[in-house]
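Here are my notes on the model, set out as numbered points. They deal with charged pairs, cysteine links and one helix.

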Amino acid sequence: MRRIALLLPAVALLAACGSVVPEGPKQQTVARSTAVFTPRPEARQCLAELGASKANFTPVPDQYFERGCSTLNTVRLTSLQSDDAVLALDRLGPVTCPLATTFAAWARFGVDRAARQILGSPLARIETMGSYSCRNVAGTARRSGHASANAIDVSAFILADGRRIPVLGGWNGGSASERQFLRTVHQSACRRFGMVLGPDYNKAHHDHLHVETGFPGDFCR
Ligand SMILES: [Zn+2]
């Protein structure tokens, strides 16, 4: 990590997200008291796009937290849709709508189809280590993409035949086809998300794929 920081100072600032801690009571604020939550007009198009993907979700009222963290234009995603099945999600907190739509498309067109082609089984579930967390990039004063619900940490993929393909142990262990699958979905994520960090990037990402939207530019490791 130190060596990377010396070589790539700007990049190293973006590095570790580590494990995401579910938002605790200290970070919660009381949402604005509105009897009926109405998304802002600029958010509606994204919500319509997300609905068209047949994702199941609930819009969340905007919230600002202490220390500059926020969940703006976010949804609670409960499931996604592949070509012909519902895709379950585990341990996912609020995510911004643009992140949700990108994640939905990746799950369907990137992950599910790779699972069918490489592993011979459709995708059934995506395990995550969470999304929103009011925190900095480890070792820096810079806010993580998680602090604005713009990032998801993906830890494993569960197939319809019951197999579980974890990033931890699967990236460098597992069968050849499982390693190929994980690298394929990592690459397809890079084509869709602004930032993707995996086990080859640093130790902080040894057990998950960090996928993030809202990042200016492309960063894929
Ligand atoms: Zn992360």
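1. How many salt bridges does the count come to? The model is a predicted one, and the count in it comes to seven salt bridges. Three of these pairs are taken up below, followed by the disulfides and helix α3.

2. Aspartate 83 and arginine 108 meet through their side chains in a salt bridge, with 2.7 Å from N to O. Aspartate 83 belongs to the loop between β4 and β5 (86-90) and arginine 108 to helix α4, so this pair ties together parts that lie 25 residues apart in sequence. Both ends are partly exposed: the relative accessible area is 34% for aspartate 83 and 26% for arginine 108.

3. A salt bridge within one helix is formed by the side chains of arginine 116 and aspartate 112 (2.8 Å, N to O). The two residues are four apart in helix α4, and therefore about one helical turn separates them. Their surroundings are not alike in accessibility: arginine 116 counts as partly exposed at 29%, whereas aspartate 112 counts as buried at 0%.

4. The side chains of arginine 164 and glutamate 127 also meet in a salt bridge, again given as N to O, at 2.8 Å. This pair links distant parts of the chain, since arginine 164 is in strand β9 (residues 164-166) and glutamate 127 in strand β7 (residues 123-128), 37 residues apart. Arginine 164 is partly exposed, with a relative accessible area of 45%. Glutamate 127, at 17% relative accessibility, counts as buried. Elsewhere, Asp83, Arg108 and Arg113 are joined into one network by salt bridges that share partners.

5. How many disulfides does the count come to? The count is three disulfides. With the bonded cysteines counted along the chain, the pattern is 1-3, 2-4, 5-6.

6. Cysteine 46 and cysteine 97 form a disulfide, and their sulfur atoms are 2.2 Å apart. The link is left-handed, with -105 degrees about the S-S bond. It connects distant parts of the chain, cysteine 46 being in helix α3 and cysteine 97 in helix α4, 51 residues apart. Both cysteine 46 and cysteine 97 are buried.

7. Cysteine 69 is joined to cysteine 134 by a disulfide with an S to S distance of 2.0 Å. The value about the S-S bond is 80 degrees, and the link of cysteine 69 and cysteine 134 is right-handed. The pair links distant parts of the chain: cysteine 69 lies in the loop between β2 (63-64) and β3 (70-71), and cysteine 134 in the loop between β7 and β8 (151-159), 65 residues apart. Cysteine 69 and cysteine 134 are buried.

8. The disulfide of cysteine 190 and cysteine 220 has its sulfur atoms 2.0 Å apart. The link of cysteine 190 and cysteine 220 is right-handed, with 80 degrees about the S-S bond. The pair links distant parts of the chain, from cysteine 190 in helix α6 (residues 176-192) to cysteine 220 in strand β12 (residues 219-220), 30 residues apart. Cysteine 190 counts as buried at 15% relative accessibility, while cysteine 220 is partly exposed, with a relative accessible area of 29%.

9. Helix α3 (residues 41-52) has twelve residues. From its first C-alpha to its last, α3 reaches 17 Å, close to the 16 Å expected at 1.5 Å a residue.

10. Which residues of α3 are buried? They are Ala43, Cys46, Leu47 and Leu50. Seen down the axis of α3, the buried residues fall within an arc of 100 degrees, so they line one face of the helix. They pack against β1 (56-60), β4 (74-81) and α4 (97-119). Cys46 is thus listed among the buried residues of α3, and cysteine 46 also takes part in a disulfide with cysteine 97.

11. Pro41, Gln45, Ala48, Glu49 and Ala52 are exposed on the other side of α3. The helix α3 is followed by lysine 54, whose phi is positive, near 65 degrees.

Terms used:
Residues are numbered from 1 along each chain as its sequence is written. This is a predicted model: local features need pLDDT of at least 70, side-chain atom pairs count only at pLDDT 80 or more; totals for chains, interfaces and linings use all residues. Side-chain values use heavy atoms; hydrogens and water are left out. The expected span of a helix is 1.5 Å times one less than its number of residues. Buried means under 20% relative accessible area, exposed over 50%, partly exposed in between (1.4 Å probe, protein chains only). The arc is that of the directions from the helix axis to the C-beta atoms. Contact means heavy atoms within 4.5 Å. A salt bridge is a side-chain nitrogen of Lys or Arg within 4 Å of a carboxyl oxygen of Asp or Glu. A disulfide is a pair of cysteine sulfur atoms within 2.5 Å.
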